[in-house]
Amino acid sequence: MLPATVALLLLFDIDGTLLAGATEEHRAALHEALLAVHGIEADVSRRPITPAGRTDREITRAILLDAGVDATQIDDGADAVQEEACRAYARLCPEDLSHTVLTGIPELLVQLSRREDRMLGLVTGNYEAIARLKLRRAGIGHWFDAAIGAFGSDAEDRAELPAIARRRAGGPGAPYQRERTIVIGDTPRDIACAHADGALSVAVATGPFGVVELRAADAVARNASELLALLS
């Protein structure tokens, strides 16, 4: 058993966990990128893509495959799509996203940041540049360590992200202990990615899924107040 003095690494999802209603410009930026790089009108995709819990790379791949784009062409253009999307989001993102911060999240972050035995990072499907700007415009980006986290720009498969975040949080050649890592999110995919890495999962029912749908998590909170109690 690890000593209690080893800090808990808390890795937060963004959309549905920290923010609600901050996805419209994000979606528009992805669609602009697909049009610019591949000439694909994403809004007329034949099959709706459910974005909850997916990485940006996974979402764009699904849209392109549905439009008949070859997988090799998708791979070759992935970096260009990312660059175009981040550039578009920087232009489209509202100056103030503070209204999208979920109730109780500022208080939760303040309380957790006061504890020396807690480290705050991110695990999100957003491209990193989009994630950082989104949280900065929401007024809560400064609570998260800029050196800790993993993003949709790091891997297409969300299951790979917690291990990437642990490597960045650990010392040279020594990833942070998975036994002291908790992934916090609002979808079954957040739960699955935590468990795929052997980390703990705490789910919060502030996104599109209810408590029953999140029961595979190690613990479930209904709101930020309950989440703070669990993480404290």
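Two strands count as paired if DSSP finds at least two bridges between them. Keep that cut-off handy for these exercises, which all work on a predicted model.

**Exercise 1. Work out the order of the strands in the sheet, and find which strands sit at its edges.**

Step 1. Start with the overall layout: the sheet is open, has six strands and runs in the order 3-2-1-4-5-6, with parallel pairing.

Step 2. Now look at the two ends of that order. Strand 3 (149–150) and strand 6 (219–221) are the edge strands, since each pairs on one side only.

Step 3. Test one edge against the cut-off. Strand 2 (residues 118–123) pairs with strand 3 in the parallel sense over two bridges, and at least two are needed. Across this pairing, Leu-122 faces Gly-149 of strand 3.

Step 4. Add the helix that lies on the sheet. Helix 8 (residues 224–231) packs there, with contacts to strand 1 (8–12), strand 2, strand 4 (181–185), strand 5 (200–204) and strand 6. The directions of helix 8 and strand 6 make an angle of about 145°.

**Exercise 2. Find how many bridges join strand 1 to strand 2, and how many join strand 4 to strand 5.**

Step 1. Strands 1 and 2 run parallel and are joined by five bridges. For a concrete pair, take Leu-8, whose bridge partner in strand 2 is Arg-118.

Step 2. Strands 4 and 5 are also parallel, with four bridges. Here Gly-185 has Ala-203 of strand 5 as its bridge partner.

Step 3. Check how covered these strands are, with buried meaning under 20% relative accessible area. Five of the six residues of strand 2 are buried, and in strand 5 the count is four of five.

**Exercise 3. Explain why helix 2 is described as largely enclosed, then do the same job for helix 6.**

Step 1. Count for helix 2 (56–66). Nine of its eleven residues are buried, so the rest of the structure largely encloses helix 2.

Step 2. Name them: Asp-56, Arg-57, Ile-59, Thr-60, Arg-61, Ala-62, Ile-63, Leu-64 and Asp-66. Charged residues are on that list too, including Asp-56 and Arg-57.

Step 3. Ask what they pack against. The partners are helix 1, helix 3 (71–92) and helix 5 (128–138). After helix 2 comes Gly-68, which has a positive phi near 90°.

Step 4. Repeat for helix 6 (residues 161–169): seven of nine residues are buried, so this helix too is largely enclosed by the rest of the structure. The buried ones are Leu-161, Pro-162, Ala-163, Ile-164, Ala-165, Arg-166 and Ala-169. Their cover includes strands 1, 2, 3 and 4, along with helix 7 (188–196).

**Exercise 4. Decide whether His-31 is buried or exposed, and list what it touches.**

Step 1. Place the residue: His-31 belongs to helix 1.

Step 2. Apply the cut-off of 20%. The relative accessibility of His-31 is 17%, so it counts as buried.

Step 3. Leave out residues up to four places away in sequence, and the contacts of His-31 are Ile-40, Ala-42, Asp-43 and Ile-63. Ile-63 is one of the buried residues of helix 2.

**Exercise 5. Describe the largest pocket and the largest cavity by volume and lining.**

Step 1. The largest pocket holds about 590 Å³ of space. It is lined by 33 residues, and those closest to its centre are Thr-23, Arg-27, Pro-51, Ala-52 and Ile-59.

Step 2. Sort the pocket lining by class: twelve residues are nonpolar, eleven polar and ten charged. Helix 1 (24–38) and helix 2 each give at least two lining residues, with the largest share, four residues, coming from helix 1.

Step 3. Turn to enclosed space. There is one cavity of 30 Å³ or more, and the largest cavity has a volume of about 30 Å³.

Step 4. Its lining is made up of Thr-17, Leu-102, Ile-105, Val-204, Thr-206, Asn-223, Ala-224 and Leu-227. By class, that gives five nonpolar, three polar and no charged residues.

Key: Residues are numbered from 1 along each chain as its sequence is written. This is a predicted model: local features need pLDDT of at least 70, side-chain atom pairs count only at pLDDT 80 or more; totals for chains, interfaces and linings use all residues. Side-chain values use heavy atoms; hydrogens and water are left out. Contact means heavy atoms within 4.5 Å. Axes are lines fitted to C-alpha atoms, for helices over the stretch in contact, and angles run from 0 to 180 degrees between N-to-C directions. On a 1 Å grid over the protein atoms alone, a cavity is a set of points where a 1.4 Å probe fits but cannot get out, and a pocket is an open set with protein on both sides within 12 Å along at least five of seven lines; lining residues have an atom within 4 Å of a point. Grid points are joined across faces, edges and corners, and a volume is the space filled by probe spheres set on the points. Buried means under 20% relative accessible area, exposed over 50%, partly exposed in between (1.4 Å probe, protein chains only).
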